[in-house]
Amino acid sequence: MLNGDGEMPAGVSPPFFSQGGTSMIVSWMTTNQCNLNCSHCYQDAGDRRSGELSTEEGMALIGQIARAGARILIFSGGEPLMRPDIFELVEHAAKCGLRPVFGTNGTLLTKETVTRLKEAGAAAMGVSLDSLSEEKHNRFRGHADAFRLTQEGIANCREAGLPFQLHTTVMDWNREEILGLMDYAVSAGASAHYLFFLIPVGRGVFLERTALEVEEYESTLRGIMEKAAGLPIEVKPTCAPQFIRVAEELGVKTRFRRGCLAGLSYCIVSPVGKVRPCAYMTEEAGDVRDRPFDEIWRESGLFETLRSREYGGACGVCAYGDSCGGCRARAGYYHGGDILAEDSYCAYGRGRLAPAAEPSGAKATASVRVDVEGGEGCRKSGRTEC
Ligand code: SF4
Ligand code: SF4
């Protein structure tokens with residue numbers, strides 16, 4: 001996949017949504033509005049939320065994000081293309097020296113929109129595709145024509161020379177399709193394939209099947225990294241920080257140096273201006289209506305805590321503590337809000353410290369399972385782009 005220096009081999013497009021975990025990336029959920037009704041949506045997106053940042057506020061935010069040292073600005077949502085001022089915002093981001101990229105469902109990427117985005121300075125699109133089965137994708141996305149429209153969007157990007165990467169959410173019902181989707185990403189001309197793992201949220205009772213899920217999760221990651229080693233594009237399991245350890249164990253080269261980036265080189269801004277370490281973490285670092293983003297990024301106590309990297313439990317004694325870092329959202333959910341606790345969803349950590357690594361605090365959560373038939377139980381799950 002990558003040569004020994006971590007550089008992309010000749011002839012391979014550079015990745016767009018990440019710079020190896022060292023440069024700062026901000027994801028701005030520009031709106032809660034969405035034209036689809038996806039089962040897994042962390043935003044419970046649909047309608048525009050009252051109090052969303054205005055165009056002027058968005059422009060100011062973009063300037064502050066650039067001042068904070070960010071290199072990449074991800075326009076996400078909801079569906080960011082629902083914002084009527086999106087072209088203006090993209091243009092401003094590019095002028096501020098940021099690399100404007102998108103997390104989009106792809107259904108609104110008409111020829112005209114793609115051309116306008118490119119002219120405005122958009123660097124790349126991240127387009128969601130969860131299945132090669134039209135019927136399954138449509139059912140999961142809650143729209144009878146989503147698959148066709150997304151395919152058209154991908155084709156429009158390709159024809160216009162606007163780079164794109166595929167985004168796939170890994171769930172029970174599409175797990176068997178993941179390797180095939182990776183091949184599809186290559187054949188479709190994507191520059192990269194990012195695989196988003198759902199993070200369980202909520203504070204239910206411990207589920208007996210969790211242990212089994214941890215093993216499944218580990219073997220899914222191994223399968224992905226083994227396959228990635230033979231592909232000419234970059235593959236990144238996202239919000240599965242253990243992929244760094246798995247890659248090292250398998251001897252698979254990756255230019256990524258860090259698993260969880262939350263608060264270290266990544267954060268999100270909500271539609272109403274709340275700054276959080278990632279989309280899954282509910283803890284707030286600040287509000288851009290009260291304080292400029294760059295100050296929040298520099299001085300927030302929440303970010304300082306995450307940057308201390310003083311992890312507990314298995315993550316605290318793990319040789320991969322610095323490179324993987326465990327999922328801080330999961331640590332919090334499983335350990336009563338302690339975001340520096342171990343990530344109990346790790347086969348390696350459980351093996352090292354069991355039984356101490358068991359999430360015996362009974363703060364374990366709803367399953368990560370998302371049922372394509374309904375999926376309501378996971379409505380509050382989501383994904384991020386770290
Ligand atoms: S804490 Fe957030 S950014 Fe980090 S791995 Fe978990 S979900 Fe992803
Ligand atoms: S124990 Fe923690 S730091 Fe080590 S691999 Fe597992 S999640 Fe990552």
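Here are three short exercises, with worked solutions, on a predicted model.

**Exercise 1.** Which residues of helix α4 are buried, and against which helix do they pack?

*Solution.* Begin by finding α4 at residues 134-141. A residue is buried here if 20 or more other C-beta atoms lie within 10 Å of its own. Going along the helix with that cut-off, you arrive at H137, N138, R139, F140 and R141. Next, look at what these buried residues touch: they pack against α5, residues 146-160. Before moving on, look just past the end of α4, where G142 has a positive phi of about 70 degrees.

**Exercise 2.** Is strand β6 enclosed or open, and why?

*Solution.* First, locate β6 at residues 192-197. Second, recall that side chains in a regular strand alternate between the two faces of the sheet. Third, take each side in turn: A192, Y194 and F196 lie on one, H193, L195 and F197 on the other, and all are buried. Finally, draw the conclusion: six of the six residues are buried, so β6 is largely enclosed by the rest of the structure.

**Exercise 3.** Which strands pair with β6, and where does L195 fit in?

*Solution.* Start with β5, residues 164-170, which pairs with β6 in the parallel sense over five bridges. Within this pairing, T168 has L195 as its bridge partner. Then turn to β7, residues 234-238: this strand also runs parallel to β6, joined to it by five bridges. Here the bridge partner of L195 is P237. As a last step, add helix α6, residues 178-188, which forms a right-handed β-α-β unit together with β5 and β6.

How values were computed:
Residues are numbered from 1 along each chain as its sequence is written. Chains are lettered from A and ligands numbered from 1 in the order in which they are written. This is a predicted model: local features need pLDDT of at least 70, side-chain atom pairs count only at pLDDT 80 or more; totals for chains, interfaces and linings use all residues. A residue is buried if 20 or more other C-beta atoms lie within 10 Å of its own, exposed if 12 or fewer, and partly exposed in between; C-beta atoms are placed from the backbone. Helices (H or I, at least four residues) and strands (E, at least two) are DSSP runs, numbered from the N terminus. Two residues are in contact if their C-beta atoms, placed from the backbone, lie within 7 Å. Two strands pair if DSSP finds at least two bridges between them. A crossover is right-handed if, with the strands pointing away from the viewer, the path from the first strand over the helix to the second runs clockwise.
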